[in-house]
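Visitor: I would like to understand the reasoning behind the labels people attach to a structure. Could you take me through it?
Guide: Gladly; here is what we will be looking at.

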Amino acid sequence: MPGKGLLIVRQRSLIAITAALAAGALTLTACGSRDDDSGSDSGGGTTVVIGVDAPLTGDLSALGLGIKNSADLAVKTANKDKVVDGITFKIEALDDQAQPSAGQQNATSFVANKDVLGVVGPLNSSVAESMQKVFDDAKLVEVSPANTGPALSQGADWQTNKVRTYKSYFRTATTDAIQGPFAAQYVFNDAKKKNVFVIDDKKTYGAGLAGTFTDEFKKLGGKVVGTEHIDPDTKDFSAVATKVKNSGADAVYYGGEYPQAGPLAKQIKDAGAKITFAGGDAIYSPEYIKLAGSGSKGDISTSVGAPIEELASAKEFIANYEAEGYKEAYEAYGGYAYDSVWAIIEAVKKVVEDNDGELPSDARAKVTEAVQNVSFDGVTGKVSFDEYGDTTNKQLTVYSVENGVWTPVKSGTYTG
Amino acid sequence: MNELPQQLVNGLLLGSMYGLVAIGYTMVYGIVQLINFAHGEIFMTGGFGALTVYLYVLPNGTSMWVALPLMLLGAIIVATTVAVGAERFAYRPLRGAPRLAPLITAIGLSLALQQAVWAWYPDAKESINFPQIDGGPFEVGNVTVQTGDIFLLIAAPISMAVLAYFVLKTRTGRGMQATAQDPDTAKLMGVNTDRIIVIAFALGAAFAAIGAVAYGLKYGQVQFRMGFILGLKAFTAAVLGGIGNIYGAMLGGLVLGVAEALSTAYISDIPGMEQFGSQSWANVWAFVLLILVLLFRPQGLLGERVADRA
């Protein structure tokens with residue numbers, strides 16, 4: 001054997017290998033979460049905790065940290081201005097790593113902490129699905145600054161029969177029921193792309209967005225020349241890139257998030273396909289441009305609301321955010337996170353004022369009811385909620401990559 | 001079907017990278033019967049080693065033709081240091097322990113390395129851009145090869161040839177074979193088995209580091225989690241090819257890469273199979289292939305060269 005045989009093994013160890021492989025796969029979901037409290041100093045009186053759940057580590061942490069910092073800013077502002085007499089607000093931020101299992105654990109620990117009267121988050125629609133019931137059972141209000149999956153508020157059959165499933169769930173972000181068609185209209189009418197290749201990552205957000213885009217694009221008379229679902233755990237999209245190139249598409253619409261969108265767009269363009277890459281609010285991040293490289297010029301994204309930098313109402317928020325010196329940018333959802341926290345603060349204020357300046361014993365249920373009726377001028381415009389808990393602000397904006405930054409090109413809303 | 005040559009090239013390139021990483025799994029397993037689950041993270045530290053050389057050691061704007069060999073050297077130094085350190089401080093104390101103890105240690109080490117890079121490497125909480133080689137893609141017939149892939153095309157076969165020469169022809173290589181066959185007898189014959197084990201870890205890490213540089217050039221980025229899934233795939237490649245066999249590792253990698261590319265490209269064309277054909281199903285098909293191979297050849301594709309221990 002020596003000379004011909006190489007390294008030598010016992011065969012029966014293969015059983016051990018199989019077991020080990022399973023163990024390895026399990027570790028994917030077994031990472032612990034980091035607690036990160038960063039509230040402001042307590043100034044006497046009652047302390048109300050507002051929970052923040054977002055991915056603070058991992059691929060999507062840029063968006064998550066923007067949410068956390070903005071929530072922190074809202075709480076600091078409320079405490080400084082003594083918005084609610086005798087109440088000091090504090091945030092408690094938990095990391096969901098963009099994973100539904102971690103999100104549910106966080107939801108349980110928020111519920112267990114009796115000082116928590118409201119939770120802001122999460123970022124991902126798929127994480128929200130795992131948290132909604134936990135919060136609803138505890139009558140604890142949840143306001144998401146970023147979830148766009150329509151089913152979260154309007155039920156699984158939202159296209160035909162809208163039913164609100166959870167009374168405690170609200171969001172300040174516009175849903176994909178509007179975002180997808182809005183993008184389709186821009187790609188077809190304004191960008192004049194008629195042959196599109198639709199790709200998604202099979203997650204709640206990505207698949208939903210790709211679905212609403214596809215329906216509207218076909219209705220307008222466009223042609224879907226191919227569809228593909230990618231595996232978000234890999235970075236090798238060469239096989240998909242080759243398919244796109246050979247499909248003759250002049251645009252790719254991607255339902256998914258920037259950690260995959262960046263390399264995907266880069267590899268499709270490197271393969272020689274002459275396409276415009278388009279996606280939703282989850283690729284509207286400077287990280288997308290960094291990962292997609294110089295080929296990203298002219299790529300399109302849509303995002304909820306009007307560009308925050310152009311809103312008069314957001315000037316103060318941006319100035320304060322910069323003054324606080326946060327290390328991370330507020331990113332796409334910062335303004336919405338601020339407004340989400342503020343909706344809870346307004347609700348707490350209402351509840352406390354109705355109860356002679358003290359928190360009632362059933363504060364959680366009361367706050368949930370009060371959030372339904374809030375109405376104030378926030379960072380992103382008028383903040384109030386409709387009968388499903390969705391924002392009444394249906395504004396969307398198309399952005400295009402020019403000179404290495406996302407530049408707003410068109411604001412509006414989908415009118416059907 | 002003019003897509004086929006391009007998809008084969010896509011698969012072979014991906015597979016070469018799996019193969020480079022799989023060598024580390026297979027060598028360590030062949031010699032100490034340890035599945036070194038931290039190997040994917042050793043691959044990752046190699047990528048960061050190369051990046052460190054480019055960002056912090058070389059002056060800004062160094063030509064890639066000068067930088068690349070130095071980055072490769074940096075990657076190999078970092079990866080082998082981590083691997084040898086892991087062997088010395090995490091695995092060697094457990095040499096006589098039941099086999100599950102070092103396995104769990106390896107999984108723990110894998111998480112620890114990921115989190116260490118996440119926490120302490122500057123800006124590693126996000127993907128970091130990896131320097132690219134300038135120059136457009138190359139067209140050969142209707143096959144496009146990216147500039148970054150040229151490195152992999154050259155590095156993978158050379159690495160294999162060097163490794164085969166080392167194991168078959170050198171004194172240390174023969175010592176490795178002897179240790180793999182029977183560590184106790186090898187020791188009696190004067191082979192320093194501790195040294196051989198360290199060399200196996202170091203060699204595996206060096207090939208993983210070459211793979212990591214190829215990864216950076218191919219995908220234009222490195223991130224702290226890049227080793228986890230890739231490590232799992234490389235391990236699968238090692239099992240597919242016949243774990244313990246270094247040719248098997250490379251072949252297993254290539255077969256796995258091609259299987260993934262072809263299943264992404266063609267399964268959706270089969271009538272009635274549309275929903276099973278997308279890239280998200282490529283892993284499923286890869287594992288179906290693995291199961292089929294193991295059903296008929298439990299020793300893996302090239303397992304027949306491997307004799308049972310006497």
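The conversation below goes from confidence to helices, a buried leucine and some backbone angles.

Visitor: How do you know how far to trust the coordinates of chain A?
Guide: This is a predicted model, so the predictor's own confidence, pLDDT on a scale from 0 to 100, is the guide. Chain A has a mean pLDDT of 87, and 89% of its residues reach 70 or more. Residues 8–12 of chain A fall below 50, although the model gives that stretch 17 contacts beyond near neighbours in sequence. Residues 26–43 of chain A are also below 50, with 35 such contacts.

Visitor: And what is the confidence in chain B?
Guide: The mean pLDDT there is 90, with 97% of residues at 70 or more. Helix α2 (residues 39–57) of chain B has the highest confidence, 96, and strand β2 (residues 138–140) of chain B the lowest, a mean of 85. Outside that ranking, pLDDT stays under 50 over residues 305–310 of chain B. The model scores ipTM 0.86 and pTM 0.81.

Visitor: Why is B:L20 called buried?
Guide: The label needs 20 or more other C-beta atoms within 10 Å. B:L20 has 31, so it is buried. This leucine is in helix α1 (residues 4–32) of chain B. Beyond four places in sequence, its contacts are B:A156, B:S159, B:F207, B:A208, B:I210 and B:G211. B:A234 is 214 residues away from B:L20 in sequence, yet their C-alpha atoms are 8.1 Å apart.

Visitor: Which parts of chain B carry the annotation "transmembrane region"?
Guide: An unreviewed UniProt entry gives that annotation to several spans, including residues 247–268 and 280–296 of chain B. In the model, residues 247–268 of chain B are 91% helix and 0% strand, with end C-alpha atoms 32 Å apart. Residues 280–296 of chain B are 88% helix and 0% strand, and their end C-alpha atoms lie 26 Å apart.

Visitor: How do you know that the length of α2(A) agrees with that of a helix?
Guide: Take 1.5 Å a residue: the 20 residues of α2(A) should span 28 Å, and the end C-alpha atoms are 28 Å apart, so the two agree. Of those 20 residues, 17 are buried, so α2(A) is largely enclosed by the rest of the structure. Following this helix is A:K82, with a positive phi near 50°.

Visitor: What about helix α7 of chain A?
Guide: Its 16 residues, 204–219, should span 22 Å at 1.5 Å a residue; the end C-alpha atoms are 23 Å apart, which agrees. The buried residues of α7(A) include A:Y205, A:L209, A:F213 and A:F217. Among the elements covering the buried residues of α7(A) are α4 (125–137), α6 (176–190) and β8 (223–229) of chain A. Just after α7(A), A:G221 takes a positive phi of about 105°.

Visitor: Where do the two assigned domains of chain A lie in the sequence?
Guide: Domain 1 takes 35–174 + 309–385, and domain 2 takes 177–304 + 397–412. Their C-alpha centres lie 29 Å apart. The contact between them involves 18 residues from domain 1 of chain A and 16 residues from domain 2 of chain A. On the domain 1 side, the elements giving two or more residues are α2 (61–80) and α4 of chain A, and α4(A) gives the largest share, 3 residues. By class, that side has 8 nonpolar, 6 polar and 4 charged residues.

Visitor: What makes A:K139 and A:K202 worth pointing out?
Guide: Most residues other than glycine have a negative phi. A:K139 has a positive phi near 55°, and A:K202 has a positive phi of about 70°. A:K139 lies in the loop between α4 and β5 (141–144) of chain A, while A:K202 is found in the loop between β7 and α7 of chain A.

Visitor: Why are A:K139 and A:K202 called partly exposed?
Guide: That label lies between the cut-offs: 12 or fewer other C-beta atoms within 10 Å is exposed, and 20 or more is buried. A:K139 has 17, so it is partly exposed. A:K202 has 18, so the label is partly exposed here too.

Visitor: Which residues does a cis peptide bond join?
Guide: A:G121 and A:P122, with omega about -5°. A:P122 lies in the loop between β4 (116–120) and α4 of chain A. Most peptide bonds are trans.

Technical notes
Residues numbered from 1 in each chain as written. Chains lettered and ligands numbered in written order. Predicted model: local features only at pLDDT ≥ 70, side-chain atom pairs only at ≥ 80, totals over all residues. UniProt positions renumbered as here; feature names shortened; annotations may be inferred. Helix = DSSP H or I, 4+ residues; strand = E, 2+ residues; numbered from the N terminus. Expected span 1.5 Å × (residues − 1). Contact = placed C-beta atoms within 7 Å. Domains from an automatic or database assignment. Nonpolar A, V, L, I, M, F, W, Y, C, P; charged D, E, K, R; others polar.
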